[in-house]
Every structure is written in C-alpha cells, then in structure tokens.
Amino acid sequence: MAAAISVTPLVPYNRKRRPSAVKLRCYNGVEEDRKQWEKFYKRHQNKFFKDRHYLEKDWGHYFCHPKVLLEAGCGAGNTIFPLAKKYPQLYIHACDFSHHAVTLVKSHPNFRKDQINVFVCNIAEENLCDHIMPASVDIVTLVFTLSAVSPEKMPIIIQNLGLVLKPNGHVLFRDYAIGDYAQTMLMNKNQVISENFYFRGDGTCSYYFSEDFLSRLFERAGFVVVDVNTYNKEIINRARNITMQRRWIRAVFRRP
Ligand SMILES: C[S@@+](CC[C@H](N)C(=O)[O-])C[C@H]1O[C@@H](n2cnc3c(N)ncnc32)[C@H](O)[C@@H]1O
C-alpha cells in the first residue's frame, strides 16, 4: 500500500472573478481521470502524440553527462524515447497512472530495460519514494502532464516530485498556456469545470496555465523559478479555413 502524502491546498483562482454566465461542469476526481486516460490509450494506442524532438533544442544542456531523469506522466513515451536515443548516458524513470500507457512504453521497439524503468503510479495519490530512492533524480520532465490534473491536486504532485529530486535538481515544464485556441473552443462549448480548467470531448481534462499561476505553484512548494515564458504559433488549417493561435508555456524550476 502506497504511503499517503498531504499538502495545504493552493486556491487555484479568485472565485469571485468567475464569469457568472458560465455553466460549470462537475469534476469527478482522479480515479475518473485515470479511467478516461485508460480509454484514451486503448483507443489511440501510441498514434496520438508525436515524438517530442524539440525538447533537446531548448534543454539539451540539462541532459548531457550521466544523469537520472524522471518523466512524470509518460504516456506512450513520446518524451522519453527521443531523449533516450539522443542521450544514451541518461537513466530514465518514467511513470503514468494508465496501465495501458505503461504497457505501450514497455512494448516500444526502443525500450531497453537497462536504461528505462517504467512503472504505474498515480502521482497525485502515491508517494513516488515508494518507487524511486528519495533525492536521487537530477531532472524531472513534466510535459503536458500537469494540465491533465485538477488544479487542487497540482500542489501535492509538485511536492511529490520534490521528494525524489536531488538538491539543485530541476523540473523542466511544458504545457498549454492561457489564451490557447483550444481553450477558447472549450469555453465556447461550455466544457468549463473551473477557471482555466475544462473537459475535453473525450473525457480527459485540460488546464491552461498563466506564468503567474505556475510560478506561484512551484514557489509555494519551495522551488526557485529559473525561467518561465509563453510562446505562440499561428497555425493555419486550410482544409477547415481556420487560423489557430496556439499558446504554450515552458519553464524551469530548481529545487534549492
Ligand atoms: C498529454 S499526456 C502527456 C504524455 C507525455 N508526457 C508526453 O510527452 O507525450 C498526459 C499524461 O499524464 C498522465 N497523467 C495524468 N494524471 C496523472 C496522474 N495523477 N498520475 C500519473 N499520470 C498522470 C496521463 O495518463 C497521460 O498519459
């Protein structure tokens, strides 16, 4: 049985500022999230996300030298497999609460048992130290994982990551930013759970981060903000005749 972890909740937004016209949808908790992600991977297998080759461009210097990395919420492995190939000296722990996702990682043609330790773990409810030695990880990658989590659960996850990070270890973060095209679409479809937090059509959830909210979240867990910025890309879909303003946030946090 995994040891429980607890944390003081961070109020995710000013409830008084919630737009009164928006009808809020009911959020059903982490176990329901897990079921939706299981369904997602059963349906899409490893075909939905593309390999993320862009991470080495921004963060290459974090991955050189023999280092221990934890990819939290690894999905089908689109973050870890490009890194494992480019940096063979990395040792990678990877976890996800979806059993199906973990099976997909294990059956990937580039999976090597001596380089990758993949395991099922709900990082919002299980102590990561039940799987990994405390203070043994140099780098945590959080790539489009925290947005899949309810804002009430985010502080406990960050605290959990802090337990396995070495002092001076880093969290490398990428995710959706506030004002992204997809957020506007979800808002228009009345898929709102709470401010900046939505249900997608497939039942998974999505949070959209501001730099301020994200920085406060990590600072409250004792991390130092090394870098945080938002970037945009205009994507034109000619077939549907639409222009989408996509917005993402990338950040680096250090455990003192
Ligand atoms: C959008 S996917 C990103 C996957 C991967 N990081 C990548 O770069 O492709 C989000 C992942 O987070 C996982 N996840 C969400 N909440 C989780 C939790 N509480 N514990 C563990 N994994 C979680 C989901 O199962 C899903 O695989």
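This briefing walks through a ligand site, some aromatic rings and a handful of individual residues. The model is a predicted one. Around the ligand sit 21 residues, and the protein covers 99% of the 600 Å² of accessible area that the ligand has on its own. Elsewhere, a search of the whole structure turns up 20 aromatic pairs.

**The ligand and its surroundings**

- If you want a place to start looking, the closest of the 21 surrounding residues are Y41, R52, G73, T79 and D96.
- The shell around the ligand splits into 12 nonpolar, 6 polar and 3 charged residues.
- R52 brings an N or O atom of its side chain to 2.7 Å from an oxygen atom of the ligand.
- T79 does something along those lines too, with a side-chain N or O atom 2.6 Å from an oxygen atom of the ligand.
- For I123 it's the backbone that counts: one of its polar backbone atoms is 3.0 Å from a nitrogen atom of the ligand.
- With those contacts in view, here's the cover again: 99% of the ligand's own 600 Å² of accessible area is taken up by the protein.

**Aromatic pairs**

- A pair of rings is described by how far apart the centres are and by the angle of the planes.
- Across the whole structure there are 20 aromatic pairs.
- Take F40 and Y41: their ring centres are 5.1 Å apart and their planes meet at 85°, so this pair is edge-to-face.
- Both partners are tucked away, since F40 is buried and so is Y41.
- Y41 also turns up in the ligand site, as one of the closest residues there.
- Y198 and Y208 make another edge-to-face pair, with 5.7 Å from centre to centre and 70° between the planes.
- Y198 belongs to strand 7 (residues 197–199), while Y208 is in the loop between strand 8 (205–207) and helix 7 (211–220), so the pair ties together parts that are 10 residues apart in sequence.
- Buried or exposed, what is Y198? At 1% relative accessibility, Y198 counts as buried.
- Y208 is buried as well, with a relative accessibility of 2%.

**A ring cluster, and charges over rings**

- Ring pairs also build up a cluster, which links Y27, F173, F197, Y207, F209, F213, F218, F223 and F253.
- Which residue lies over the face of W59? That's R174, at 5.2 Å from the ring centre.
- Over at Y231, the residue lying across the ring face is R250, at 4.2 Å from the ring centre.

**Two asparagines with positive phi**

- Most residues other than glycine have a negative phi.
- N196 isn't a glycine, yet it has a positive phi of about 65°.
- You'll find N196 in the loop between strand 6 (192–194) and strand 7.
- N196 has a relative accessible area of 12%, so it's buried.
- N241 has a positive phi too, of about 55°, and it isn't a glycine either.
- Look for N241 in the loop between strand 9 (224–237) and strand 10 (242–254).
- Because its relative accessibility is 69%, N241 counts as exposed.

**Q245 and Q115**

- Q245 is part of strand 10.
- Its relative accessible area is 39%, so Q245 is partly exposed.
- Along the chain, Q245 and Y181 are 64 residues apart, but their C-alpha atoms are separated by 5.3 Å.
- Where is Q115? It's in the loop between helix 4 (99–106) and strand 3 (116–120).
- Q115 is buried, as its relative accessible area is 3%.
- The side chain of Q115 reaches the backbone oxygen of A84 at 3.3 Å.

**S206 and its partners**

- S206 is located in strand 8.
- How much relative accessibility does S206 have? It comes out at 0%, so S206 counts as buried.
- One polar contact of S206 runs from its side chain to the side chain of R200, at 3.4 Å.
- Another polar contact, of 3.3 Å, joins the side chains of S206 and Y208.
- Y208 is thus a residue to meet twice: it has that contact with S206, and it pairs edge-to-face with Y198.

Definitions and conventions. Residues are numbered from 1 along each chain as its sequence is written. This is a predicted model: local features need pLDDT of at least 70, side-chain atom pairs count only at pLDDT 80 or more; totals for chains, interfaces and linings use all residues. Side-chain values use heavy atoms; hydrogens and water are left out. A residue is near a molecule or strand if one of its heavy atoms lies within 4 Å of it. A polar contact is a pair of N or O atoms within 3.5 Å; within protein, one must be able to donate a hydrogen and the other to accept it, and residues adjacent in sequence count only if both atoms are side-chain atoms. Accessible areas come from the Shrake-Rupley method with a 1.4 Å probe; for residues, only the protein chains shown count as cover. Ala, Val, Leu, Ile, Met, Phe, Trp, Tyr, Cys and Pro count as nonpolar, Asp, Glu, Lys and Arg as charged, and the others, Gly among them, as polar. Rings of Phe, Tyr and Trp (its six-membered ring) pair if their centres lie within 6.5 Å; planes under 30 degrees apart count as stacked, over 60 as edge-to-face and the rest as tilted. Buried means under 20% relative accessible area, exposed over 50%, partly exposed in between (1.4 Å probe, protein chains only). Helices (H or I, at least four residues) and strands (E, at least two) are DSSP runs, numbered from the N terminus. A charge sits over a ring if NZ of Lys or CZ of Arg is within 6 Å of the ring centre and within 35 degrees of the ring normal.
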